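Me: Please take a close look at one part of this protein for me. I would like to see how a pair of helices meets, and then how that fits with the rest.

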Amino acid sequence: MPHLKQASTEVGEPIPCNVPHAISVTLPTWAANVGYEEGADWVVSKMQCGYPRFFIGKNIQRLAERCVQRFGVVGESGMLFPTARCADQCRQFIISKTDAARKPPRIVEVRDISASVVDDVGALLCVVLFDKSLAGIAKQFWQHTGEGISSRLADYFLRISDHSPSTASPDPGSDSHVEFTKKNQNHNRHYSRKPSVEKVYQTNRPTPAAGDAETLNRDQLIYLEERYGRNLELKHVKQAKVALKRRIAGSLALDADIEEALRASQNGSKVATEHERVHEDDVYLYPCGMNAIFHAHQLAMSCMENGTARRSACFGFPYTDTLKILEKWGPGAVFYGRGDDHDLKELENLLASGEKLLALFCECPSNPLLRTPPLKRLRQLADQYGFLLIIDETIGNFINIRICQYADIIVSSLTKVFSGDSNVMGGGFILNPKAPFYSVLKSALEATYEDNLWTEDAITLERNSRDYVSRIARINQNAEAVCDLLVDNKLIKALYYPKYGETKHNYEAIRAENGGYGGLFSVVFEDTKEAAVFFDALNTAKGPSLGTNFTLASPYTVLAHFTELPWAAEFGVSDALVRVSVGLEDEPQLLAIFNAALDALADYKK
């Protein structure tokens with residue numbers, strides 16, 4: 001089993017250490033987390049990486065700078081997206097938040113078809129160029145929607161830009177289309193859309209020059225992924241995506257290479273998950289979990305409004321960007337932040353008064369309070385009043401809970417325990433074929449869906465997820481042992497975990513026959529000073545994210561709600577909260593680590 005120390009104690013180091021495309025970053029003390037939120041130089045200047053929707057990776061920043069230098073004008077910044085549709089959504093979002101007299105953002109498309117990623121697939125990069133003063137607004141779009149490019153796609157285009165002299169350049173200051181061309185190249189439908197502006201330059205790509213520092217560094221990183229069992233053979237990308245869909249749908253054998261696993265699934269071998277009645281064609285892949293949520297909301301607005309704008313509802317305290325999506329796109333949201341019996345009654349009263357909702361979003365369980373909503377009753381209300389029920393099962397996960405019968409749409413962050421390795425982003429989106437609006441939703445998706453999960457990310461995610469069932473079982477066991485240690489300890493003010501608390505009966509109603517309680521829990525202390533003592537003494541990796549194969553802790557409320565702490569407290573989310581995602585370590589080792597942190601707190605309180 002992995003050793004508990006998966007991260008450096010140095011501020012800003014990647015988690016895990018020395019792993020390409022790490023998605024977490026070391027913030028080892030309470031003070032470092034506060035410093036990060038305050039923008040303190042002693043923290044921010046040391047950040048080598050961060051969670052990708054909040055911290056735009058340095059290779060992405062470098063690529064954006066090159067694009068601005070090549071296509072922009074003085075005073076502009078750029079943000080990068082994988083398709084024209086994503087880029088245009090960003091442009092429209094910026095326009096909606098700015099003065100109409102200001103020059104609108106513009107888009108440059110860069111298409112590589114000179115050396116295809118796979119036999120029939122090129123790569124597309126769309127650059128949104130805007131005045132530097134609007135960078136904060138553009139960053140909001142990047143964070144909330146998850147539409148931005150991945151770090152692996154950035155590396156791909158950096159390799160091209162290193163060695164691709166152009167014979168022509170687009171006119172600066174206007175929308176443009178740029179191509180890397182190759183004769184007799186066939187393209188799939190996704191990459192064959194006609195350019196909006198016919199401005200093309202051609203390039204040949206020579207072999208990288210020996211001694212190129214950036215190229216050698218990227219080659220080394222690719223070697224590390226291959227060396228440690230992460231198969232990056234790009235020819236397998238189509239198979240990898242089929243494998244991911246089947247794995248999510250519950251029909252794919254695990255712990256096997258792609259070809260063997262797919263053959264086994266065709267012959268009837270399957271994993272016993274709740275999605276056994278879901279066909280792989282009802283599973284859709286996205287670049288990250290929040291992107292799946294964003295598109296679930298977009299789909300709901302396109303299918304359910306029928307000419308009348310409807311608000312959505314958010315039941316229970318959610319991950320921060322879920323609520324931001326509901327509030328910033330469309331007519332807004334009704335927020336039931338506690339998700340308790342009182343909120344349920346308020347929801348029932350609202351519906352009885354005649355308001356027609358678009359959709360109700362909830363997490364199962366919620367983050368960070370691990371509360372489980374009353375799904376049976378919410379389904380009854382959805383059927384009675386004609387709205388969608390959209391459930392995020394990231395925390396509960398595919399193996400532990402059975403929610404398909406209640407949901408119209410299930411969303412999940414595949415970045416988390418499904419992957420486990422903390423080195424790739426991904427999102428899943430499942431349509432329930434037995435839900436009342438299935439045909440309408442399916443038809444709309446068939447017309448609008450874009451597969452923007454980048455080739456190398458899909459392959460990495462498939463490889464990481466082959467053993468996710470056995471990993472979840474181990475994580476369940478470890479987390480329950482740690483929580484049993486903590487639950488009655490007088491040093492702790494509150495423990496949030498699905499096994500305990502006032503919504504335990506809701507969780508038990510949906511728990512799978514052999515399912516556990518998941519790997520996430522939160523502990524609350526009397527004040528932030530006590531929380532800081534416990535957190536600083538906890539000898540685990542410390543940084544954002546969850547669902548990792550190693551134990552990972554963070555002062556969640558400080559990181560997620562630093563600018564709105566009083567508001568979060570209104571819904572029971574204390575600033576003295578420490579969230580812990582339990583990993584695969586040996587149980588005795590974990591218990592010793594938590595006992596040591598409790599001892600440090602006891603000494604402090606003497």
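Reply: The helix pair comes first, then a sheet, then the whole chain.

This is a predicted model. Take helix α12, residues 341-352, and helix α13, residues 375-385. Their axes come within 11 Å. They cross at roughly 5°. Angles under 35 degrees count as roughly parallel, so α12 is roughly parallel to α13.

Which residues of α12 and α13 make the contact? From α12 come L344, L347, E348, L351 and A352. From α13 come R377, L378, L381 and Y385. By class, seven of these contact residues are nonpolar and two are charged. None is polar.

Now the sheet. It is open and has five strands, in the order β14-β15-β18-β17-β16. The pairing is mixed. Strands of a sheet pair through backbone hydrogen bonds, either parallel or antiparallel. β14 (494-496) and β16 (541-542) stand at the edges. Each has a single partner strand, so one side of each is left without a neighbour in the sheet. For β16, look at β17, residues 552-554. The two strands run parallel, joined by two bridges. A541 stands opposite L552 of β17.

Step back to the whole protein. Its secondary structure comes to 22 helices and 18 strands. Of its 606 residues, 60% count as buried. The protein exposes about 23,900 Å². Carbon and sulfur atoms supply 49% of that area. Contacts also reach along the chain: among those between residues at least 6 apart in sequence, 73% join residues at least 24 apart.

Key:
Residues numbered from 1 in each chain as written. Predicted model: local features only at pLDDT ≥ 70, side-chain atom pairs only at ≥ 80, totals over all residues. Heavy atoms only, no water. Axes fitted to C-alpha atoms, helices over the stretch in contact; angles between N-to-C directions. Helix = DSSP H or I, 4+ residues; strand = E, 2+ residues; numbered from the N terminus. Parallel < 35°, antiparallel > 145°, perpendicular 65-115°, else oblique. Contact = heavy atoms within 4.5 Å. Nonpolar A, V, L, I, M, F, W, Y, C, P; charged D, E, K, R; others polar. Pairing = 2+ DSSP bridges. Buried < 20%, exposed > 50% of the residue type's maximum accessible area, 1.4 Å probe, protein only. Areas by Shrake-Rupley, 256 points an atom, 1.4 Å probe, with all protein chains shown as cover.
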